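User: Hi! I'm new to this one. Could you walk me through it?

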Amino acid sequence: MRRPLIAGNWKMNGSKAEATQLLNGIKAGVAGMQRVDVAVCPSFPYLYLAEELLADSAIAWGAQDVSAQAGGAYTGQVSAAMLKDFACRYAIVGHSERRQLNGEDDALVASKYARAVAGGIVPILCIGETLEERESGRTEEVVARHIDAVLNSSGVEAFGAGIVAYEPVWAIGTGVTATPDQAQEVHAFVRGRIASKNQEIAAGLRLLYGGSMKPGNAVELIAQPDIDGGLIGGASLKAADFVAICQAGEDSA
Ligand code: PGA
């Protein structure tokens, strides 16, 4: 049985004071939950706060990106070893905002994935199609390409050490959520693609849905057989909403 995971992607939001308040609010809200894994991914400068405030809780924390390089002359980048130093469990890689706004291609995303795994960080690999790609019937082709970039460079074993988040680009921050059927269909496709290489790894792989997940739609989405939780953007910035989604994960298990 795959444990549900609810992970918050705060994106470039907040301040020290807001991060402190949010972390404390989430910590109090999920304190009694036993069957769901909870994680938060603040911006790099606030990871120390997560480490400080969450160390005595079951909540994990992670980064929103990781360098594909081990270290050295890479101005502005943050290595897996540095994340480990702040006790990060996760790093998001290949978020569509980084693919689109920072020009990250499949090869770079696959290198980041591999670097995270090698550094003992669990990568959360984001995949998903744009509206245009969906409307032209290319959803499977696009998510297959995103998955295969990692499969071909790191092998299927790498999926035993990571997590995949299906985030249709048209649903991110738009308020438009994929229907549970639409999401389930893609999740089943992704699991099937991994299963064609290794059934056991596919069966254990956690597949999160992301894209306008909120308290009002989380229950139905997480109830789908191949949806094992969520990667939450906007709704992770309000403690009460995020906690309610965590509760949906808790109740699904
Ligand atoms: P959203 O973002 O929940 O605000 O749509 C999800 C994400 O980008 O990870």
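Analyst: Happy to; we can go from the overall shape to a few local details. Keep in mind that this is a predicted model.

User: Great. How many helices and strands are in the chain?

Analyst: The chain has 11 helices and eight strands.

User: And what box do the C-alpha atoms fill?

Analyst: Taken along the principal axes, the C-alpha atoms fill a box of roughly 45 × 45 × 35 Å. The radius of gyration of the chain is 17 Å, which agrees with the value near 18 Å for a compact globule with 253 residues.

User: What share of the residues is buried?

Analyst: Buried residues account for 53% of the 253 in the chain.

User: Let's switch to pockets. How much space lies in the largest pocket?

Analyst: About 520 Å³.

User: Which residues lie nearest its centre?

Analyst: Those are Phe44, Gln64, Asp65, Arg98 and Asn102, out of 23 residues that line the largest pocket. By type, the lining has eight nonpolar, nine polar and six charged residues.

User: Which helix gives the most to that lining?

Analyst: Helix H4 does, with three residues. Helix H4 covers 96-101, and helix H5, covering 106-118, also supplies at least two residues of the lining.

User: New topic: how many aromatic pairs does the structure hold?

Analyst: Two. One of them joins tyrosine 113 and phenylalanine 159: the ring centres are 5.7 Å apart and the planes meet at 45°, so this pair is tilted.

User: Where do tyrosine 113 and phenylalanine 159 lie?

Analyst: Tyrosine 113 is in helix H5, while phenylalanine 159 is in the loop between helix H7 (139-154) and strand S6 (163-166), so the pair ties together parts that are 46 residues apart in sequence.

User: Are those two buried or exposed?

Analyst: Both tyrosine 113 and phenylalanine 159 are buried.

User: What about disulfides, how many are there?

Analyst: Zero. A disulfide would be a covalent bond between the sulfur atoms of two cysteines.

User: Why is there no bond between cysteine 41 and cysteine 88?

Analyst: Because the sulfur of cysteine 41 is 8.0 Å from the closest cysteine sulfur, in cysteine 88, which is too far for a bond. To count as a disulfide, the two sulfur atoms would have to be within 2.5 Å. Seen from the other side, the closest cysteine sulfur to cysteine 88 is the one in cysteine 41, at 8.0 Å.

User: And are these cysteines buried or exposed?

Analyst: Cysteine 41 counts as buried, at 0% relative accessibility. Cysteine 88 counts as buried too, at 2%.

User: Can you show me some residues that are apart along the chain but have a computed distance in space?

Analyst: Sure. Tyrosine 90 and isoleucine 121 are 31 residues apart along the chain, and 5.4 Å separates their C-alpha atoms. Tyrosine 90 has its place in strand S4, residues 90-93.

User: How accessible is tyrosine 90?

Analyst: Its relative accessibility is 2%, so tyrosine 90 counts as buried.

User: Is aspartate 181 buried or exposed?

Analyst: Aspartate 181 is exposed, because its relative accessible area is 59% and the cut-off for exposed is over 50%. Aspartate 181 lies in helix H8, which spans residues 180-195.

User: What separation do aspartate 181 and leucine 221 have?

Analyst: Their C-alpha atoms are separated by 8.4 Å, and the two residues are 40 residues apart along the chain.

User: Thanks, that helps!

Definitions and conventions. Residues are numbered from 1 along each chain as its sequence is written. This is a predicted model: local features need pLDDT of at least 70, side-chain atom pairs count only at pLDDT 80 or more; totals for chains, interfaces and linings use all residues. Side-chain values use heavy atoms; hydrogens and water are left out. On a 1 Å grid over the protein atoms alone, a cavity is a set of points where a 1.4 Å probe fits but cannot get out, and a pocket is an open set with protein on both sides within 12 Å along at least five of seven lines; lining residues have an atom within 4 Å of a point. Grid points are joined across faces, edges and corners, and a volume is the space filled by probe spheres set on the points. Helices (H or I, at least four residues) and strands (E, at least two) are DSSP runs, numbered from the N terminus. Ala, Val, Leu, Ile, Met, Phe, Trp, Tyr, Cys and Pro count as nonpolar, Asp, Glu, Lys and Arg as charged, and the others, Gly among them, as polar. Rings of Phe, Tyr and Trp (its six-membered ring) pair if their centres lie within 6.5 Å; planes under 30 degrees apart count as stacked, over 60 as edge-to-face and the rest as tilted. Buried means under 20% relative accessible area, exposed over 50%, partly exposed in between (1.4 Å probe, protein chains only). The radius of gyration is taken over C-alpha atoms; the globule rule is 2.2 Å times the number of residues to the power 0.38.
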